[in-house]
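Have your viewer ready? Let's take a short walk through this model, one selection at a time.

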Amino acid sequence: MIWLELLVVLVCIFVGARLGGIALGTVAAIGLVVLVFAFGLPPGMPPRTVLGMILAVITAAATMQAAGGLDYLIVIADRSLRVWPAGITLIAPIIAYVLTLAAGTGHIIYALLPVIAEVSRNAGVRPERPLSIATIASQQAITASPISAATVALLGLMTPAGISLQSILLICIPATFLGSLLGAFAVLWRGPELKDDPIYKDRLAKG
């Protein structure tokens, strides 16, 4: 029986992820109905503490954006990216990581992607190198940010086991930051150099 229940959960996750958006919540609700009424599982209480924490985090992030805090962070990140253009593959993931860590949301990286692409092209660096690892570093920082919804939800799950926010951050911050740096070194020589790429040279010649 437990394997059928697990199958329902996995199917709901797969279908919801494929459909995306609000469908993820809708499919999850359908899965819950199936588990409760078809399999007779008792419904649990809503996680009020976790929901309250997530609401507080989202409110704080929205306030920072309304006050111009996110725009200020983007300006600082833009300037930092242009300090060492040749090393953009190493600099971009660090800046993306710190920015997401401070903001608590990975959406902030969207404003940086055009800047990373521009700086890397001007420096003759393949844009896919810094763009790919900067995006990954940003997502890694979400799990290490003390004000992200993911960390707050994890804290709500771990608190009954006596695990504090400090313990989570002591593990997540070094692990994700080091992983992002290793990822940057892994893509440092990915693909041919921009000046040697036949497709890029052809497009450049065509304007």
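Start by selecting S145 and its surroundings: leaving aside residues up to four places away in sequence, S145 touches T100, L101, G104, T151 and L169. This is a predicted model, so keep that in mind as you go. S145 sits in the loop between α7 and α8, the latter spanning 149-158. Is S145 buried or exposed? Its relative accessibility is 0%, so S145 counts as buried, the cut-off being under 20%.

Next, select helix α5 (residues 88-103) together with helix α7 (residues 128-142). Their axes come within 8 Å and cross at roughly 25°. Because angles under 35 degrees count as roughly parallel, α5 is roughly parallel to α7. The crossing of these two helices, α5 and α7, is right-handed. To see the contact, show I88, T89, A92, P93, A96, Y97, T100 and L101 on α5, then R129, P130, I133, A134, A137, S138, Q140, A141 and I142 on α7. Colour them by type and you will find 12 nonpolar, 4 polar and 1 charged.

Now keep α7 and add helix α9 (residues 165-186). Here the axes are 9 Å apart, and the packing angle is about 170°. How are α7 and α9 oriented to each other? They are roughly antiparallel, since the angle is over 145 degrees. Display I133, A137 and Q140 in α7, which meet T176, S180, G183 and A184 in α9. The residues of this contact divide into 3 nonpolar and 4 polar, with no charged ones.

Technical notes:
Residues numbered from 1 in each chain as written. Predicted model: local features only at pLDDT ≥ 70, side-chain atom pairs only at ≥ 80, totals over all residues. Heavy atoms only, no water. Axes fitted to C-alpha atoms, helices over the stretch in contact; angles between N-to-C directions. Helix = DSSP H or I, 4+ residues; strand = E, 2+ residues; numbered from the N terminus. Parallel < 35°, antiparallel > 145°, perpendicular 65-115°, else oblique. Left-handed = near helix turned anticlockwise from the far one by under 90°. Contact = heavy atoms within 4.5 Å. Nonpolar A, V, L, I, M, F, W, Y, C, P; charged D, E, K, R; others polar. Buried < 20%, exposed > 50% of the residue type's maximum accessible area, 1.4 Å probe, protein only.
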